Structure formats: structure tokens, C-alpha cells
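Welcome to this guided tour. Open the structure in your viewer, and we will go from one selection to the next together.

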Number of protein chains: 2
Amino acid sequence: MAKPNHKNRILDAGLEVFYQQGFHGSGVQDVVDHAEVPKGSFYNHFKSKQALGLEVLETYWNAGNGARAELRSTNKSPLKRIDRHLAALGYDKNGCLIGNFSAELAGIEEFRSRISELFESWKSEVAACIREGHEDGSIRDDAKAEDLAEFIVEGMQGAQLKAKIEQDPAVVARFRKSIQLFLTAP
Amino acid sequence: MAKPNHKNRILDAGLEVFYQQGFHGSGVQDVVDHAEVPKGSFYNHFKSKQALGLEVLETYWNAGNGARAELRSTNKSPLKRIDRHLAALGYDKNGCLIGNFSAELAGIEEFRSRISELFESWKSEVAACIREGHEDGSIRDDAKAEDLAEFIVEGMQGAQLKAKIEQDPAVVARFRKSIQLFLTAP
């Protein structure tokens, strides 16, 4: 059986370590220890801890593809799809890596600009689903789809952050319920 | 004129440095450099960087007293008070220190438990204002005051985080508008 290559092992370890300990809270040594690869191997694959951090961000984002696909499952109502999307993003005791990196790394332009693009992309997918709810009359239309989508996206960040502080998945469940209440057309 | 004492200078510097660079992103040396006091002086006043971090959290929370007082200015409607409260918390390019510490330090029990108490206290003050809006019929009553308050508090965290990524105060302004829309009784 082929051994998983060192680059992938470092990437997986980076995701785990940065997610649990934060970016500044962990060093290259923590990552290579966790990956069980020699430190020299790290620099064969990544220029720096920051380069790894940027790849970790992409890995985490791509892991959300399934959750975002819920927004497009056309055999369900737009409201139901938004709820299933948020449920799929769900709860993790470490919060959301994108939120964590936002809090910690917004001062580093390469992180800030990439996270901004990811938020924009996420918001567009939510807005497209809301627009369908505007057309079929199920979602309130006294606000623009983009503004409602932004509210959901940033609210979910806040809910995941608060759930991390409470160490309680019920925070995210209550958030989902409030979003349904907010969006439903009168 | 009396020289401001070293403890206060370290506390002010700690707030500034942790707010800008994060807790793990800065060291005691950064704080004493910023405070312009000798490093030895730090340990006369604080047991550790963590001890300073916990005091910085209290300082930041207390700086929000004025913003929370808006919730109790009884000559204004509950909806207006909530809006003025969120406006007073407002935008800072560094986001909210409590949110930043939540993202970065939830794994350290002393920070996690104290931040949880602060969120609870903040939520109670918002909920009290919403309850008045339930009584006078101005705020939607198809959800409990506590759940609406939680939604506002965590949503504001998310809005401040997103505003930090966009470096744009308009994110918080849009959030305030959405909250008014959500809360207003039909």
C-alpha cells in the first residue's frame, strides 16, 4: 500500500493544529510533530507557515462543498435548503476555521483578501437560493437577497463563535430556528 | 504632574497590542515596548501574559458600559435603544476584542468561562429591552426575548468579524438595519 505523501500529511496536520490551537498559537514544529514527518520535509513542500496556512484555508473551504451543495438541491424549498445548509455546516468545538482566521489574521493582507473572496462566494450562493424564495413568495421580500444572505453568513459566523465559547451545539440549532423565523414571508 | 503608574500603562498597552496583533501573536516584550516600561516592571504587576489578558478583557468589557447603557435610556423606544446600542458598539478595524479572544482562546478555560459570563450578561441586558418591546407590542413576540437577544448578540459578533475582513463599517450598518427589520412586530 502506498504511504500517504508527506505534503498531504503536513496539510492534514496543519488543518488540525491550526484549527485547535490557532495559527499564531502553533509552530511548524507542532505541525511536523503531528504529521510525524521530519522538519526538513516541511520546507520541501511549503515556503513558510503562512504558505501552509493559506493552503489549509483552501482545504477547509473545499470541505464545505457538500454543505453549500444543499443550497442547490432543487427538490426542496429554498427555506428548507438554507436550513439544511446551516445544519450541514453545523457545530464544531473549534468553531469555524474561516472565522478563527478572520479574527486572528485579518491584519495579514494575503489572508484578509482571500477570506473576503470566500465570504463573497458563500454569500452569492446563499443569495441565489433566497432569490428563488423571493420568486416563489416563500421568503420575505422587503430586503434584498444580498442583504439577507450577508446577514445569514455573518450570523452563522457569530453563532459558531458563541457555540465554541459555550461548547454547545444548541447555540447553532437556535440560530437556525431564528433564521427560519426571520426569512419566512408574512 | 504624577506619572501614570506602570500598571495602568501596561494594561493600556496590553489592550492595544492584543487587540491589534492577537494574544498569541504578541509577547510580553511587545507589551512592555509599547508601554515603554522595563520588562521587570511587568512581572511586578502581572503574574503572566495570561493574567494580563484576563485583565485586558475586563477593561474592554467595562469600556462597553456606555454602549450597554443605551439599552436602558427609557425615553426612547426599545427598538431605537437596540439600534443605538449596536451603533455605539460600532465598527473597529480590529473587530471586537471579545470575539477575537473567543476565536483564539476558547481552549483556555479561564478565558472561555469568563467570556461565557460576559456574553450571558450582555444577552440579559438586551433581553430586558426586548421584553419591554414585547409588552408595548413594538417587537415581534413569536420568539422568546432570550432567543432574540442571543441572535442579536451573536449576530453582532459575526458582523464585527465580517467588517474586520472587509475593513468596512458599512457591514455593521447593514446588520443594524437587518436587526430592525427582523425585530419589528408585523
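Begin in chain B, where helix H1(B) and helix H4(B) are roughly perpendicular to each other. To see this, select residues 6-21 of chain B for H1 and residues 49-63 for H4. Their axes lie 9 Å apart and the packing angle is about 85°. Keep in mind that you are looking at a predicted model.

Which residues bring these two helices together? Show the side chains of B:Ile10, B:Leu11, B:Gly14, B:Leu15 and B:Phe18 on H1(B). Across from them, on H4(B), show B:Leu52, B:Gly53, B:Glu55, B:Val56, B:Thr59 and B:Tyr60. If you colour this contact by class, you will find 7 nonpolar, 3 polar and 1 charged residue.

**Next stop: H6 and H10 of chain B**

Now select residues 78-89 of chain B, which form helix H6, together with residues 170-183, which form helix H10. The two pack at an angle of about 160°, and their axes are 10 Å apart. With angles over 145 degrees counted as roughly antiparallel, this makes H6(B) roughly antiparallel to H10(B). Their crossing is right-handed.

On the H6(B) side of the contact, pick out B:Leu79, B:Ile82, B:Asp83, B:Leu86 and B:Ala87. H10(B) answers with B:Arg176, B:Ile179, B:Gln180 and B:Leu183. Sorted by class, the contact holds 6 nonpolar, 1 polar and 2 charged residues.

**A second partner for H6**

Leave H6(B) on screen and add helix H8 of chain B, residues 109-135. What angle do these two helices make? Their axes cross at roughly 155° and come within 8 Å. H6(B) is therefore roughly antiparallel to H8(B) as well.

For this contact, highlight B:Pro78, B:Leu79, B:Arg81 and B:Ile82 on H6(B). Then add B:Val126, B:Cys129, B:Ile130, B:Glu132 and B:Gly133 on H8(B). Here the residues divide into 6 nonpolar, 1 polar and 2 charged. Notice that B:Leu79 and B:Ile82 take part in the contact with H8(B) and also in the contact with H10(B).

**Over to chain A**

Hide chain B for a moment and show chain A as a cartoon. You can count 10 helices and 0 strands. Follow the chain from its N terminus and the elements read α-α-α-α-α-α-α-α-α-α. Along its principal axes, the C-alpha trace spans about 60 × 35 × 35 Å.

Try giving the domains their own colours: residues 6-54 of chain A for domain 1, and residues 64-183 for domain 2. The centres of the two domains, taken over C-alpha atoms, are 28 Å apart. Where they touch, 6 residues of domain 1 are in contact with 8 residues of domain 2. The domain 1 side of that contact has 3 nonpolar residues, 3 polar ones and no charged ones.

**Last stop: where the two chains meet**

Bring chain B back and look at both chains together. How many residues does each chain bring to the contact? Chain A contributes 36 residues and chain B contributes 36 residues. In chain A, select helices H7 (97-105), H8 (109-135), H9 (145-166) and H10 (170-183), since each supplies at least two residues of the side that touches chain B. H9(A) gives the most, with 14 residues. By class, this side of chain A has 14 nonpolar, 12 polar and 10 charged residues.

How do the copies sit relative to each other? A rotation of 180° with 0.0 Å of shift along its axis superposes chain A on chain B, with an RMSD of 0.0 Å. That is the relation of a two-fold axis. In addition, 100% of the interface residues of chain A are also interface residues in chain B, so the copies meet through the same surface.

Definitions and conventions:
Residues are numbered from 1 along each chain as its sequence is written. Chains are lettered from A and ligands numbered from 1 in the order in which they are written. This is a predicted model: local features need pLDDT of at least 70, side-chain atom pairs count only at pLDDT 80 or more; totals for chains, interfaces and linings use all residues. Copies are superposed by least squares on the C-alpha atoms of residues with pLDDT of at least 70 in both. Two residues are in contact if their C-beta atoms, placed from the backbone, lie within 7 Å. Helices (H or I, at least four residues) and strands (E, at least two) are DSSP runs, numbered from the N terminus. Ala, Val, Leu, Ile, Met, Phe, Trp, Tyr, Cys and Pro count as nonpolar, Asp, Glu, Lys and Arg as charged, and the others, Gly among them, as polar. Domain bounds come from an automatic or database domain assignment. Axes are lines fitted to C-alpha atoms, for helices over the stretch in contact, and angles run from 0 to 180 degrees between N-to-C directions. Angles under 35 degrees count as roughly parallel, over 145 as roughly antiparallel, 65 to 115 as roughly perpendicular and the rest as oblique. A crossing is left-handed if the near helix is turned anticlockwise from the far one by less than a right angle, and right-handed if clockwise.
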